[in-house]
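I opened the notebook today to go through a model one piece at a time. These are my entries, in the order I looked things up.

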Amino acid sequence: MTIGNRVYIARLAGLAVFDPNGDQVGRVRDAVARLRTTNRPPQVVGLVAEMPMRRRIFLPINRITSIDSDAVVLNTGTLNLRRFEKRPNELLVLEDLLDRRVTLEPAERPGVVVDVAMEANRIGEWSLSRVAVREQTGRLARRGHLQQLDWDRVRGLIGVPDTRGTANLLAVLDQMRPADLANALQDLPDGRRNEVAAALDNERLADVLGELPEHDQVEILAALGRERAADVLEEMDPDDAADLLGELPPPEQEVLLDLMEPDEADPVRQLLKYKPGTAGSVMTSEPVILTPDATVAEALARIREPQLPPAVAAQVFVARAPMATPTGKYLGVVHFQRLLREPPAEMLGGVVDNGIDPLQPTTPLPEITRRMATYDLVAMPVVDAANRLVGAVTVDDVLDHSLPTDWRDRDAPAPAARPAAARTEGRIDG
């Protein structure tokens, strides 16, 4: 991580930030450098850290006690909680410099920025000092040589880039949870955000889209092109895909649904028919469903599948065949705690719980919330008039639709309450 007093910034991304008491306050997302009027390299004035509730704040460099391979430690617990905003004379090292196409002097060879190092001088001032650049060979099957050059030997680092790639920025973002990656995308300029989103594979992009505000979802989907957009929609959970398509005009919805595989499009079409704010509009149509002659061992194997969200995996719904929604007659539910207490060979029909009435597709959201809170449930079944299971409403569905519509938006107003020890006014760089 460090070589003397030199730190490569891409390796800082994601590191935990601790206060002097050892409490974690956030994670590093970038470094802020101030451009100078002379030819000297930009001065590093601080780091950007992401705190809970997706708030990014500025950490002045002189408030940082140590940086190592595991953590960044501050010398104070008093933080400025105002949302970080980049000033006109500043750059974000990872956001603005990674993947930038540059020219290596004096040989005038082309290259791509892989990482940037900052280094402290004798008086403790940090500057961008070295640039890790991979030469471009022009040969498809051969990677160029990786060089570490002084800042002044690389031309094209400042100013608007002609072209940008995404490989190195994606490598930095690769280990983030989908919600954190969605948060990082919101900080990028629209064009850069769309480039990075398009470079994600379909499954990863589907997960990230579900964590973005609706307007960002629509803009990214439009930038992908219809064929790719349909492929990504197929990877999304049907309820998330229906929510996203619900933001589009009906003609565009139909075009994308027609491009999707029929078995992927059909459950989305069904969800789009329900009135907003009802169980039918917020439910997932793919809960865990087994027949009554399935065993406890089979049920435990199903809920152990790693791709299942925790709320979906918390119970198994029992119904007559067919098991795809809409199922045969709905019989009840078996919660995972009951499964853990029963013999593996026991049949689900003998342990099913049918003591709580299921929801109807028309049940309004306030009623769903009240019933889930009353019975301490993380999911509830939804049945149609013929008592067939058509889906399940999970607690994350309820939260997603109960919170303000802009809760995922980075520009949404911040909560009013702030810890007293963390209040300061203005942004202090030094």
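The entries below go from the whole chain to single elements and residues.

**Entry 1: the whole chain**

I started by noting that this is a predicted model. The protein chain has 430 residues, and 48% of them count as buried. I found 15 helices and 19 strands in the protein chain. Its C-alpha atoms fill a box of roughly 75 × 50 × 40 Å along the principal axes. For the surface, I noted about 21500 Å² exposed by the protein chain, with carbon and sulfur atoms supplying 51% of it. I also looked at contacts with a separation of 6 or more: residues 24 or more positions apart account for 60% of them.

**Entry 2: the cores**

Which residues touch the most other members of the largest nonpolar core? I got L205, L209, L221, L233, I368 and V393, out of 49 residues in that core. I then followed V393, leaving out residues up to four places away in sequence, and its contacts include A279, V282, M283, L359 and I368. V393 also touches M372, V378, A379, M380, V382 and V398. There is a second, separate core of 43 residues, with A31, M51, L81 and V102 among them. As a reminder to myself, nonpolar side chains tend to be buried together in soluble globular proteins.

**Entry 3: a patch on the surface**

V378, one of the contacts of V393, turned up again on the outside. Together with V395, L399 and L403, V378 makes a nonpolar surface patch of about 290 Å². I placed L399 in helix α15, which spans residues 395-402.

**Entry 4: a sheet of three strands**

Next I looked at an open sheet with the strand order β15-β16-β17 and mixed pairing. Its edge strands are β15 (289-290) and β17 (330-335), each pairing on one side only. I checked how β15 meets β16 (residues 315-319): they pair in the parallel sense over two bridges. I289 has F317 as its bridge partner in β16, and L290 has V318.

Why do I call β16 largely enclosed by the rest of the structure? Five of its five residues are buried, so I am happy with that wording. Both faces of β16 are covered, with Q315, F317 and A319 buried on one side and V316 and V318 buried on the other. That fits the general pattern, in which side chains of a regular strand alternate between the two faces of the sheet.

**Entry 5: helices α3 and α4**

I took these two together, as each helps to cover the other's buried residues. In α4 (residues 190-199), the buried residues are R192, R193, N194, V196 and A197. Their cover includes α1 (93-97), α2 (167-173), α3 (178-186), α5 (202-209) and α6 (214-224). In α3, I listed L181, A182, N183, A184, L185 and Q186 as buried. The cover there includes the strands β5 (43-51) and β6 (55-60), along with α2, α4, α5 and α6.

**Entry 6: Q147**

Is Q147 buried or exposed? At 14% relative accessibility, Q147 counts as buried, because the cut-off is under 20%. I found Q147 in strand β13 (residues 146-150). Leaving out residues up to four places away in sequence, Q147 touches L104, R109, V131, A132, V133 and E135. For V131 I also noted the spacing: Q147 and V131 are 16 residues apart in sequence and 8.0 Å apart in space, C-alpha to C-alpha.

Conventions
Residues are numbered from 1 along each chain as its sequence is written. This is a predicted model: local features need pLDDT of at least 70, side-chain atom pairs count only at pLDDT 80 or more; totals for chains, interfaces and linings use all residues. Side-chain values use heavy atoms; hydrogens and water are left out. Patches are made of residues with over 30% relative accessible area and no salt bridge: like charges are joined within 9 Å, nonpolar side chains (Val, Leu, Ile, Met, Phe, Trp, Tyr) within 5 Å. Accessible areas come from the Shrake-Rupley method with a 1.4 Å probe; for residues, only the protein chains shown count as cover. A salt bridge is a side-chain nitrogen of Lys or Arg within 4 Å of a carboxyl oxygen of Asp or Glu. Helices (H or I, at least four residues) and strands (E, at least two) are DSSP runs, numbered from the N terminus. Two strands pair if DSSP finds at least two bridges between them. A nonpolar core is a set of buried Ala, Val, Leu, Ile, Met, Phe, Trp, Tyr and Cys residues joined through side-chain atoms within 4.5 Å. Buried means under 20% relative accessible area, exposed over 50%, partly exposed in between (1.4 Å probe, protein chains only). Contact means heavy atoms within 4.5 Å.
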